[in-house]
Amino acid sequence: MIAFARRLVQGLRALPAALALLMLAPAVADAQENLTVAEVQTVIAQAAAEATARGMPATIAVTDRVGNVLGVFRMTGAPDAMRVVSGRTVGLGFDFARFGLDNLIVPLGGIPAIPTLRLVPTELGAIAKAVTGAYLSSGGNAFTTRTANQIVQENFNVGELGQPSGPLFGVQFSQLPCSDLSSRFIGGNVNDFIGPKRSPLGLAADPGGLPLYKNGVPVGGIGVLADGEYGIDPVITDVDESDDEMIALAGTRGFEPPVDIMANRITVEGKTLRFTDKGMSALRTDPGNAPAFAAINGTVGNLIMVRGYNAAAAIVRGRAFGTPESGVRPETTGIYAPTQPFVLVDGNNNNRYPPRAGTDGILTAAEATEFVRQALKIAFAGRAQIRRPLNSFIQVTVSLVDTNGAILALARTPDGPMFGTDVSLQKARTAAFFSNPVAAAALRAADANITDLGAPFPNYARIGPYVDAVQAFVGPTALSDGIAFADRSGGNLSRPFYPDGSQDNQPGPFSKPIGIWSPFNVGLQLDLVLPQVVTHILFTLGISPTDTPVGCTPLNPTLATGLSQIPNGIQIFPGSVPVYKNGVLAGGLGVSGDGIDQDDMISFLGAHKGGLAANTGIGNAPANIRADTLTPQGTRLRYVNCPFKPFVDSDEQSPCKGK
Amino acid sequence: MQWFRSLTVVSLLLTPLAAEAGKERFSLPAGYGTGNKGVEVAQQRRPGSQPRYQAPVEIDPDAVPPPNPNLPQDFIPIPDRWRLIEAVGVNEKWWDPYNQNTLKGDRPIFDDWFVNIVVISDTIYEPRTFPIPVGIQTTKRAGSLDTFGDTSTEVFNTNLITSLQFIKGNTAYKPPDYEIRITPVFNYNKVWADELRVLRIQPERGDERSDRFIGWQELFLDYHIRNVSDRYDFDSIRVGIQPFSTDFRGFLFQDNQAGIRLFGTRDNNIFQYNLAYFRKLEKDTNSGLNDLTEDIRDDELFIANLYWQDMPVLGFVSQATVVHNRNREKDNFYFNNNGFLERPASLGDERQRDYDVTYFGFNGDGHFGRFNLTVSGYYAFGKDSHNVFSGVEDSDIRAWFVAAEPSVDFSWIRIRGSLMYASGDDDPFDDREEGFDAPFENPQFAGADTSYWIRQTIPLIGGGGVILSGRNAMFPALRSSKEQGQSNFNNPGLTLIGLGTDIDITPEIRLSTNFNRLDFVDTASLEFLRNQGEIDEGIGWDLSAALIWRPLFIQNIVFRLSGAVLLPDQGFKDLYRVNDDSEDFFYSVLANMVLTY
């Protein structure tokens, strides 16, 4: 009787959450909101008024949820160039090999003739911030570039010495301009407005990038750069009044996220995430009374064209997420039944990545389907770590690649944050590549493909030394002996301390030492893509006639794909596993969009259950070849870490044990 | 020491001067003086009481006269009154605290200064289990793929408590005039775990830790200001590191801390009062002892209380108290000796904060006829400069707590109940913090360190660098630690309902049992910290038993063996792994040996 009453009470208590879930799922799937031209004008005008009040003329960018640049407005007097600066590196000199993007200066006037130096254009910073606000957010979480700042530093939280690095350490180098997944604005192309779009500098950690919502539905982001610096915030215990952030915040008036999903209501490891430091009450203007856009356009500032991002100095409407023209829509053939995910489509509404057999002849299309289906099932049953209301299911993107890095399947839950699309693919490829015995040789061979800009510009870092370092650190056969590296394992070796957070220790072999390390200078991850990013910056400046080619890294292309195994760069935070067929490496399964433990679990259990369902010998790496059998420098590597209370409707607390 | 008096009388009688001097204070035996009252009946003297006399003895005029007190041949040289007993052949043994012993304050070392040396060896061995996460960055074993790791740890801890007391004044009849007390404690501790990053933040430093420390648990001067009545009601002041408890059971503050305390009694000890100021010393992380090598903390307590004996009935003591806790550690960023952040707690938005909280309390202890009762209640009222959950500045603190322990004795069996409620916070996003927390609890309640919940540290895995329930603590305060952390009023609160027994099986052996039911009051704060919905309130059943053996019937040699199990209920299962490898409970075993000199 008591037990019955207890269950009854529990059932009644669960009711609101269940109802919320029921209402949320169709709401997110069905509610198709987009920013109109007039709304983009309103956002810009509100931000510009605040910038004027602050005496900080700004460059303001607005994007939609899938990263289309809807408008870029430069106020008169706004800096047109910015310093990329972490504030950590000693000295002001720029040096690609030593400092990466930190203190980046690019040559103006063409290569190699005119060595005039200038900084990075501010509009790239503003776009990167807007994309970040849009991409990190969803119907269940509203994150900003300040949130990003908190989760990419060497401790989480930064300043709490001894703690491991931020959970999304390395996410700043995703959505890269050279990514093969992210689409580009070319002009006159059928794919011009499908998402997800690339970001010129990856994701931003500089406060001043916020998401935009309409009726609780995420519709885009705003990014502001007024202070001439594209940086990070190394002290998060204080309360800053960042001009960039306050200007962007003014722009969001009328387009705010629901209070309950803002970052400061969401905890990771018991720590709330930052949304903005100061709120609307600290604004110096009432955005509702801002002058209309028509009144400021051409006087206070002007719309500008950004090469590679829009066609003209004009405003375009946003694309409604979930509709084919956004490039993301529901999967309609039922191939992943019983789950009903979304997929990426091209400008002709064709699924860009339907399941297919591996280019290496290992996995079949059916096996690829099963991996992704099972991973999605885990997500729909799982407890989200970064979403509200509480006990929401997990929303992520799942990518499966083969040993060549070719995408065999890609699908996402309806409301997964957009950043996870590119990141899940980076993770899948990273696991597949670093578990592949060809990795060491492929990385060494890349150095021959790196072209420096020539004197007086500094040379790019070379990749070979990283292989030397990891083989000295882990063992002489590292990256050539077929040990299975989950992304968590490789991430262990990519931190400025080994083990992660132990600040008296040496760096991991894929990391820069802490003396020069910064979120703009992480080591192998950046050095693999930096030449392409610089090329892209030169393209936006009109200095380079051609954009960076598709495919980020200098590795040799594989014969099967014409691209390298890691053509959108590698990722160094957890959420992927290599997959095997009868003990032979078959590819990688990557997941991104929720907490890293959730991402880990979905990839690991997706691989496990995909194997059980297919019953064809596919699945996870055998336990005896996983990276957690290695103890470099006496400290064991991790493989995956599955989360506490993983599922909404179960007491299970050890979902991955023994698998 | 009662016999001192008669001996003194005799010795004083041996000299005429002394006899003269003593006339006013001592009545001479009948027959030598006026002789009309008779011999005074030996009885306890109280101020204002009239002496009673035996009927006068008639003196036979023919009897042989008594010896002349001034005759030299009757004079026995005595070194001083304290050593008379040696003259009759009773010599002290320095190792025997039960008989006359200079080292135990029975004889002065000079003038009327006494020394008392106390040495206590307190050693524990404690195997236990509680939820432990695997290291985030590395694990002890391959194949550790989940968050929860091996639960077992063992502790060996030994304290050598050495107390040196210097006391001026007659210790037998009245409060001493001065007391100086110095109590260094020599600690050695060692812990074995089965996962990395539990004992130290650096996972590469292994799964064992040993440490040693010398802490200063008492270091004070006590000055007896004055007596205010014939019954030795007094005012005293005590300055330095001293023990203090705000109530009978250590619910709010029981610790040895640096402070100044004015205290005394009135109306024949019916009233006792304390006016105290304490400022917290930093605690050594692994021994829990006072660390004088660290800066003193900016955490202060202002305490006023009044005890009223026999109120409302004979045998019951009531106490009212006001305690103000002023914390100014907003500028603090303090890591403990193991590298974990203590202040601010690694929790919420992790911004530093100050707080002011005032506790209004009522406490009672005693018995109503055969029924024993201890009660305690506090209302906490104050401001937190920054609410780390909601981000609200100047958040209100409103929390309360009540506890009661009724018991009744049946010959050699005591049966007692334990009832406790500590309020919980129901909305982490508002501007009110409604979970009860105490500045430094040390609850002697519901089994105390015998019980699993009170004894063991239970980390809130995945919910921040805080512990759900601290060591020797009851409130689920979600603070970094009881010893070094700040109070946290954003917590789930607790109810405890328990039934226990104390059974004196023989005079040497006592068996205590405790059977406690534990529930959170409101899990909103836990749900927020873990981003996990519907965490049940039920913590579980805490069953424990303790066997205390005093082989020689004395408190100087005490052995204690206790064991406890926590049978987790749904709330605990929502938070932790409890059903793995058929291990569906957590345990705590405590073997303790206390030797006292």
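Trainee: Why is Ser494(A) called buried?

Mentor: This is a predicted model. In it, Ser494(A) has 30 other C-beta atoms within 10 Å. A residue counts as buried if 20 or more other C-beta atoms lie within 10 Å of its own, so Ser494(A) is buried.

Trainee: Where does Ser494(A) lie?

Mentor: Ser494(A) is in the loop between helix H12 (487–492) and helix H13 (524–527) of chain A.

Trainee: Which residues does Ser494(A) touch, not counting residues up to four places away in sequence?

Mentor: Among them are Gly170(A), Phe510(A), Leu524(A) and Ile572(A). Two residues are in contact if their C-beta atoms lie within 7 Å. As for Lys512(A), 18 residues separate it from Ser494(A) in sequence, and the two are 8.4 Å apart in space, C-alpha to C-alpha.

Trainee: What makes H2(A) oblique to H6(A)?

Mentor: Two packed helices are described by the angle between their axes and the distance between the axes. Helix H2 (residues 37–54) and helix H6 (residues 243–251) of chain A pack at an angle of about 140°, and their axes are 7 Å apart. Angles over 145 degrees count as roughly antiparallel, and 65 to 115 as roughly perpendicular. The angle of about 140° fits neither range, so H2(A) is oblique to H6(A). The crossing of H2(A) past H6(A) is right-handed.

Trainee: Which residues make the contact of H2(A) with H6(A)?

Mentor: From H2(A) they include Val43(A), Ala47(A) and Arg54(A), and from H6(A) they include Met246(A), Ile247(A) and Gly251(A). By class, this contact has nine nonpolar, two polar and three charged residues.

Trainee: How many helices and strands are there in chain A?

Mentor: Chain A has 15 helices and 19 strands.

Trainee: Why is chain A called as compact as a globular protein of that length?

Mentor: The radius of gyration of chain A is 23 Å, and the globule rule gives 26 Å for 659 residues. The two values are close, so chain A is as compact as a globular protein of that length. The C-alpha trace of chain A spans about 70 × 65 × 50 Å along its principal axes. Of the 659 residues, 64% count as buried.

Trainee: How many residues of chain B are in contact with chain A?

Mentor: There are 45 residues of chain B in contact with 47 residues of chain A. H5(B) supplies the largest share of the chain B side, three residues. By class, that side has 16 nonpolar, 18 polar and eleven charged residues.

Note on methods
Residues numbered from 1 in each chain as written. Chains lettered and ligands numbered in written order. Predicted model: local features only at pLDDT ≥ 70, side-chain atom pairs only at ≥ 80, totals over all residues. Axes fitted to C-alpha atoms, helices over the stretch in contact; angles between N-to-C directions. Helix = DSSP H or I, 4+ residues; strand = E, 2+ residues; numbered from the N terminus. Parallel < 35°, antiparallel > 145°, perpendicular 65-115°, else oblique. Left-handed = near helix turned anticlockwise from the far one by under 90°. Nonpolar A, V, L, I, M, F, W, Y, C, P; charged D, E, K, R; others polar. Rg over C-alpha atoms; globule rule 2.2 N^0.38 Å. Buried ≥ 20, exposed ≤ 12 C-beta atoms within 10 Å, placed from the backbone.
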